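Q: Please choose a single part of this model and examine it closely for a reader who has not met it before. I should like to know how that part is placed among its neighbours and how the chain proceeds from it.

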Amino acid sequence: MTIEDVLAWVRPHVLALKPYSSARDEFSGVADVYLDANENSLGAVAHAADWHRYPDPHASAIKHIIAALKGVKPAQIFVGNGSDEAIDLLYRVFCAPGQASALLMPPTYGMYGVSAAINAIETVQVPLNQQFQIDRPALQKVLEQRHDLRLVFVCSPNNPTGNLLDKADITWLLDHFNGIVVVDEAYIDFCPEASWVPVLNQYPNLVVVQTLSKAWGLASLRMGLAYAHEQVIALLNKVKPPYNLSGPAQEAALLSLSQAQEKDHKVAEILTLRQQLLTALRSVPCIEHIYSTDANFVLVRLKATWNATQVYQDLTKAGIVVRDRSSQVGCENCLRITVGTAAENQKLLAALLSVE
Ligand SMILES: *Cc1c(COP(=O)(O)O)cnc(C)c1O
């Protein structure tokens, strides 16, 4: 597959689009007096450094740091207002309603389906198998029948199941899927050796999505990343709102990204807490199965004599909120539990031991 093959899937109006040219695009140097963007020359109401100025539309400083951290070129990075923005833009660039569709493998992250629905794009579901791995025979069959599939979402580690998807299956998809393979690595900092970013240059149809919301502890900033061939990234940039990242968010991201070792410490601590939590969960009577996890959460299935939705409600009465995933295909009677602090995990365990 070549980048020309990939560009042939782009919606024609997107290829032809002339993007908005912002004031900061037309003059990007340094000046004494800025009277080009109708900003408030007297400053911000709540005075803070340069809140009255429009932010960098290209998030250049952020891309510079991430490029060094990840070993890619800044032009291979898209920075979005959360990963959700990258997911939405991929639909808008590659999928025309009524013409292209997307392949989802439930149980998985809900936004892939919601974003498809918002964009009026049909989805085809090929559920993961019993081991929560890609069902290759079912997948092959669907790919033979459906030639309109242009996006496939692969979540690894997968939410809500927690496991990494097999490398061989993702490689197979990259080699055989006639569309974009989106690998969502929201939880990759908890198993960094499994990232697909290092092979980006081998696959023009690969898009890797990451986020600062989990390991970096910056869910409130709304900062998501996509890595791909630079011509694919250029298309996402063309379609995004010009100032999609606020100035304060960019500043906070820069400050955080310059302290990657802090993130590594937190990840190490969460992995220790996860191990302790998994050990303790083994002696909880209502739990039948603890799924293996490569992320900062764990999926557990309750015994048939307990009802996950009822247990979920009992936990909320004790002031503890977990995620009831029992309505998802393959997750019957399952709860998804985020690894908490040592004290939070203790409270959870005490509450789980007392559910009836
Ligand atoms: C949490 C999560 C994200 C993060 O989304 P943001 O919009 O970046 O906060 C993305 N994908 C998956 C699978 C997630 O679980």
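A: Two strands are said to pair if DSSP finds at least two bridges between them. With that term in hand, one may turn to strand E2, bearing in mind that the model is predicted.

Strand E2 covers residues 101-104. Its side chains point in two opposite directions: Ser101 and Leu103 face one way, while Ala102 and Leu104 face the other. All four are buried, which means that each has under 20% relative accessible area.

Which strands pair with E2? One partner is strand E4, made up of residues 149-155. E2 and E4 run parallel and are joined by 3 bridges. Within this pairing, alanine 102 of E2 has leucine 151 of E4 as its bridge partner.

Another partner is strand E3, which spans residues 123-125. Here too the pairing is in the parallel sense, and 3 bridges connect E2 with E3. Leucine 103 of E2 stands opposite valine 124 of E3. The chain passes from E2 to E3 by way of helix H6, residues 111-118. This β-α-β crossover is right-handed: with the strands pointing away from the viewer, the path from E2 over H6 to E3 runs clockwise.

In summary, E2 is a strand of buried residues that is parallel to E4 and parallel to E3, with helix H6 on the path from E2 to E3.

Methods
Residues are numbered from 1 along each chain as its sequence is written. This is a predicted model: local features need pLDDT of at least 70, side-chain atom pairs count only at pLDDT 80 or more; totals for chains, interfaces and linings use all residues. Side-chain values use heavy atoms; hydrogens and water are left out. Buried means under 20% relative accessible area, exposed over 50%, partly exposed in between (1.4 Å probe, protein chains only).
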